[in-house]
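Reader: I have not seen this structure before. Could you take me through it, step by step?

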Amino acid sequence: MKRTLSFLFALALLLTLFGCEKGGVTGNADGNIEITNDNSVYMQYSLFDGERTYPVDAQTPLRMKMTFKSVSGTLRVEVGRDGETPDFAGNITKDSESTVNLTTPGTYTIRLRGEKHAGSYNFEWEELTATEPTTEPTTEAATKAATQAPASSTTTAAAEATLAADYAVGNTPDYDDAVGSEYSSVVSFSVDSTVRDFRYLQITPDVDESGNLRISDSQTLYSRDTLTSNKPVYIRLEFQGTLPGRAVSYVDGCGETHIFALTMSGENGEVLLQPIG
């Protein structure tokens, strides 16, 4: 079946959360992609069994949106100021989405404890405007229903519609890596803060003795000196073979280079990013 336009917002989201990793870590997180910056935290993993903490500097009141994906196990979540009752607390066992207002300026901590949990979490925060409510229920009982409710697809649908409209204006992708193919997809790579040296790569993959993916050779097929929030990169591609043959790389705001192989889920056809160390 021909797919001339296929946007996976989760993929775009992964590339919007650039920055330096921060916070504390104990225990294990297998197969993880963890990216943070000054107003967001994201991690995707096949198994999280341990604890992670992230500081949030709230110089002004903040509104924090939390999105969780849960495949198995339990994720314990707390958000609050040290030594005080958490502003949010709950056990995540299903896909869910919730929002909490952090009204008192100061340093907050996101605390996460995975109990053989597989899935992902995403925290994004912004300044709370004067017209928004400044209080929300914060007890475990009050938040339980919200943390167990199915996640809304409204945000994803709106983002996909925007990406589709942008692509339609451009008519053609920035780089066509599947010329003439009837089984191609156009994937959008977008950011909310500028990164440098974005590259779309043809790679020769290899697997080391520990089963980790490595690159024995690579060739740049498309590049952009800077990738900005107002101009995504659109690439038409086709997935072939068991091992990935394409990857993307970029340099974040901390000067760190990140490389992700592009793979496709055998379950639902979603595009996935696999980190290459």
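Author: A definition comes first: a salt bridge is a side-chain nitrogen of Lys or Arg within 4 Å of a carboxyl oxygen of Asp or Glu. Please keep in mind that the model is a predicted one.

Reader: With which residue does the side chain of glutamate 78 meet in a salt bridge?

Author: Side chains of opposite charge can pair when their charged atoms come close. For glutamate 78, the N to O distance of the salt bridge is 3.2 Å. Glutamate 78 is partly exposed at 27% relative accessible area, whereas its partner is buried at 14%, since buried means under 20%. That partner is arginine 76.

Reader: How many residues apart in sequence are the parts that lysine 65 and glutamate 97 tie together?

Author: Lysine 65 forms a salt bridge with glutamate 97, and their closest N and O atoms are 4.0 Å apart. Lysine 65 belongs to strand β4 (residues 62-80) and glutamate 97 to strand β6 (residues 96-102), so the parts that the pair ties together are separated in sequence by 32 residues.

Reader: Which parts does the salt bridge of arginine 246 and aspartate 177 tie together?

Author: The side chains of these two residues, arginine 246 and aspartate 177, meet at 2.4 Å, N to O. Arginine 246 is in strand β13 (residues 246-251), and the pair therefore ties together parts that are 69 residues apart in sequence: β13 and the loop between β8 and β9.

Reader: How many salt bridges does the count come to?

Author: The pair of glutamate 78 and arginine 76 is one salt bridge, and arginine 246 with aspartate 177 is another. By the rule stated at the outset, the count comes to 10.

Reader: In the open sheet of three strands, which strands stand at the edges?

Author: The strands of this open sheet follow the order β8-β12-β9, with mixed pairing. An edge strand here has a single partner strand, so one side of it is left without a neighbour in the sheet; this holds for β8 (175-176) and β9 (185-189).

Reader: Which residue in β12 does aspartate 176 stand opposite?

Author: Two bridges join β8 to strand β12 (residues 233-237), and these strands run parallel. Opposite aspartate 176 in β12 stands arginine 236.

Reader: Is lysine 116 buried or exposed?

Author: Lysine 116 is placed in strand β7 (residues 106-127). Its phi is near 50 degrees, a positive value in a residue other than glycine. The relative accessible area of lysine 116 is 55%, and a value over 50% counts as exposed.

Technical notes. Residues numbered from 1 in each chain as written. Predicted model: local features only at pLDDT ≥ 70, side-chain atom pairs only at ≥ 80, totals over all residues. Heavy atoms only, no water. Pairing = 2+ DSSP bridges. Helix = DSSP H or I, 4+ residues; strand = E, 2+ residues; numbered from the N terminus. Buried < 20%, exposed > 50% of the residue type's maximum accessible area, 1.4 Å probe, protein only.
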